[in-house]
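Here is a small set of exercises to work through with the model open beside you. Try each task on your own, then follow the solution step by step.

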Amino acid sequence: MGRAKLTIIPPGKPLTGRAMPPGSKSITNRALLLAGLAKGTSRLTGALKSDDTRYMAEALRAMGVTIDEPDDTTFIVTGSGKLQPATEPLFLGNAGTATRFLTAAAALVDGKVVVDGDAHMRKRPIGPLVDALRSLGIDAIAETGCPPVTINGTGRFEASRVQIDGGLSSQYVSALLMMAAGGDRPVDVELLGEHIGALGYIDLTVAAMRAFGAKVERTSPVTWRVEPTGYHAADFLIEPDASAATYLWAAEVLTGGKIDLGTPATEFSQPDARAYDLISQFPHLPAVIDGSQMQDAIPTLAVLAAFNETPVRFVGIANLRVKECDRVRALSSGLSRIVPGLGTEEGDDLIVASDPSLAGKVLPAEIDSFADHRIAMSFALAGLKIGGITILDPDCVAKTFPAYWRVLASLGVAYDD
């Protein structure tokens with residue numbers, strides 16, 4: 001049984017020490033899939049072991065891939081170069097990356113695959129990706145526009161170009177790119193729409209694909225050509241998770257501490273590392289922050305903004321409404337549980353009515369995490385400065401950062417549970 005709630009006791013002192021974020025979830029799940037599609041044995045080091053990556057690994061095992069785990073940060077993946085049909089539906093919990101990536105990869109299987117998830121995942125849209133697969137002649141059905149998805153794959157495509165709205169989710173784009181290298185012809189993946197989502201994540205995907213032998217070329221600002229090379233095994237080092245690092249960077253500036261993450265912010269390749277430059281400006285965050293290219297960092301920045309000298313408006317965050325929960329609503333409601341009106345919504349924007357005098361007060365508030373790891377971890381930051389902050393369902397952090405509460409404790413944070 002997980003803990004029902006956890007109350008953070010403000011440390012009242014700077015947080016100092018060394019705290020290693022786990023490996024990147026985004027990169028771990030890309031590398032696991034590519035290694036599973038490759039022929040031979042790949043060694044993935046620095047990997048994240050969490051609910052999301054466990055779901056991906058279990059799904060690959062169900063499709064004939066051998067995965068050994070010799071230690072807490074290593075996967076040894078042996079594939080035949082061809083995924084096998086799964087006898088049972090692939091259950092992926094609420095792991096968005098695994099669900100989107102495997103929905104596309106299932107097209108390379110010669111047979112039927114059903115991709116499914118928990119009640120939260122069954123509310124998360126996947127229709128645009130299914131439509132894109134169908135445009136390639138792939139038999140894919142999602143009756144509700146959300147999982148479950150049934151794919152009857154052949155490993156063959158009937159078209160050489162696929163279009164996808166790039167503003168909906170970069171995961172759709174990454175899923176198509178990774179799948180395309182396993183097909184039978186070159187494929188152009190083209191982004192549509194006025195607003196292109198997190199391009200940095202597409203760059204992560206392309207870099208990982210190339211590491212496993214794919215040939216990918218960006219032929220225009222919105223088009224990538226993927227050759228049908230398949231993948232070969234590779235040894236691959238996964239960098240720490242930048243989204244997880246944002247909580248530690250924020251804890252450092254909130255408490256005036258010094259936390260050594262082991263990796264300088266400048267060495268991260270993930271888009272969320274851009275948040276470091278903003279966090280470094282605290283308590284003088286800009287009046288407007290565009291979250292479109294660092295969406296998973298927005299919960300961290302929004303809670304940090306509560307203590308800023310001046311109000312902050314977050315824009316470009318509409319996609320946060322279709323994450324593990326509606327994060328715009330979760331942030332506004334959680335902030336307003338602390339002080340009414342601290343967080344408000346205006347369309348899809350989030351406005352934080354910053355108040356530096358909150359620090360040092362006791363403002364008892366139970367924060368509903370909505371079973372969302374990022375909501376739980378970000379609101380813990382409020383508890384570093386305000387007494388009485390209680391996180392409901394704190395163990396949901398296992399999705400991406402299972403050791404989160406232990407890491408904060410190692411830096412000097414105490415709890416009442």
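Before we start, some ground rules: helices (H or I, at least four residues) and strands (E, at least two) are DSSP runs, numbered from the N terminus. Contact means heavy atoms within 4.5 Å. For angles, axes are lines fitted to C-alpha atoms, for helices over the stretch in contact, and angles run from 0 to 180 degrees between N-to-C directions. What you see is a predicted model, where local features need pLDDT of at least 70, side-chain atom pairs count only at pLDDT 80 or more, and totals for chains, interfaces and linings use all residues. Residues are numbered from 1 along each chain as its sequence is written, and side-chain values use heavy atoms, with hydrogens and water left out.

**Exercise 1. The open sheet**

Work out the strand order of the open sheet with four strands, then find which helices lie on it.

Step 1. Read off the order: 20-21-1-22, with mixed pairing. Two strands pair if DSSP finds at least two bridges between them.

Step 2. Look for the edges. Strand 20 (362-367) and strand 22 (414-416) each pair on one side only.

Step 3. Check the twist. Ignoring direction, neighbouring strands here are turned by 25° against each other on average.

Step 4. Zoom in on one pair. Strand 1 (residues 5-9) runs antiparallel to strand 22, with three bridges, and Ile9 sits opposite Ala414 of strand 22.

Step 5. Add the helices. Helix 10 (residues 327-338) packs on the sheet and touches strand 20 and strand 21 (387-392), making about 150° with the direction of strand 20. Helix 11 (residues 373-382) lies across strand 1, strand 20 and strand 21, at about 175° to strand 21.

**Exercise 2. A hairpin**

Describe how strand 12 and strand 13 are joined.

Step 1. Find strand 12 at residues 216-220 and strand 13 at residues 223-226; they run antiparallel and share four bridges.

Step 2. Pick a bridge: Val216 is partnered by Val226 in strand 13.

Step 3. Trace the link. Two residues carry the chain from strand 12 to strand 13, making a hairpin.

**Exercise 3. Two pockets**

Compile a short profile of the largest pocket and the second largest pocket.

Step 1. Get the term straight. On a 1 Å grid over the protein atoms alone, a pocket is an open set of points where a 1.4 Å probe fits, with protein on both sides within 12 Å along at least five of seven lines; lining residues have an atom within 4 Å of a point. Grid points are joined across faces, edges and corners, and a volume is the space filled by probe spheres set on the points.

Step 2. Profile the largest pocket. Its volume is about 380 Å³, and 29 residues line it, with Arg100, Ser169, Gln171, Gln295 and Lys323 nearest the centre. Its lining takes at least two residues from each of helix 1, helix 3 (96-105) and helix 5 (170-180).

Step 3. Sort that lining by class: eight nonpolar, 11 polar and 10 charged. (Ala, Val, Leu, Ile, Met, Phe, Trp, Tyr, Cys and Pro count as nonpolar, Asp, Glu, Lys and Arg as charged, and the others, Gly among them, as polar.)

Step 4. Now the second largest pocket, at about 290 Å³. It has 18 lining residues, and Gly167, His195, Ser292, Gly316 and Asn319 are closest to its centre. By class, four are nonpolar, nine polar and five charged.

**Exercise 4. Buried or exposed?**

Decide how Lys25, Gly93 and Phe370 should be classed.

Step 1. Note the cut-offs: buried is under 20% relative accessible area, exposed is over 50%, and partly exposed is in between (1.4 Å probe, protein chains only).

Step 2. Lys25, in helix 1 (residues 25-37), is buried because its relative accessible area is 6%. Leaving aside residues up to four places away in sequence, Lys25 touches several residues, including Asp52, Asp241 and Glu324.

Step 3. Gly93, in the loop between strand 6 (90-91) and helix 3, has 0% relative accessibility, so Gly93 is buried. Gly93 and Gly117 are 24 residues apart in sequence, yet their C-alpha atoms are 4.4 Å apart.

Step 4. Phe370, in the loop between strand 20 and helix 11, comes out at 33%, so Phe370 is partly exposed. Its phi is positive, near 55°.
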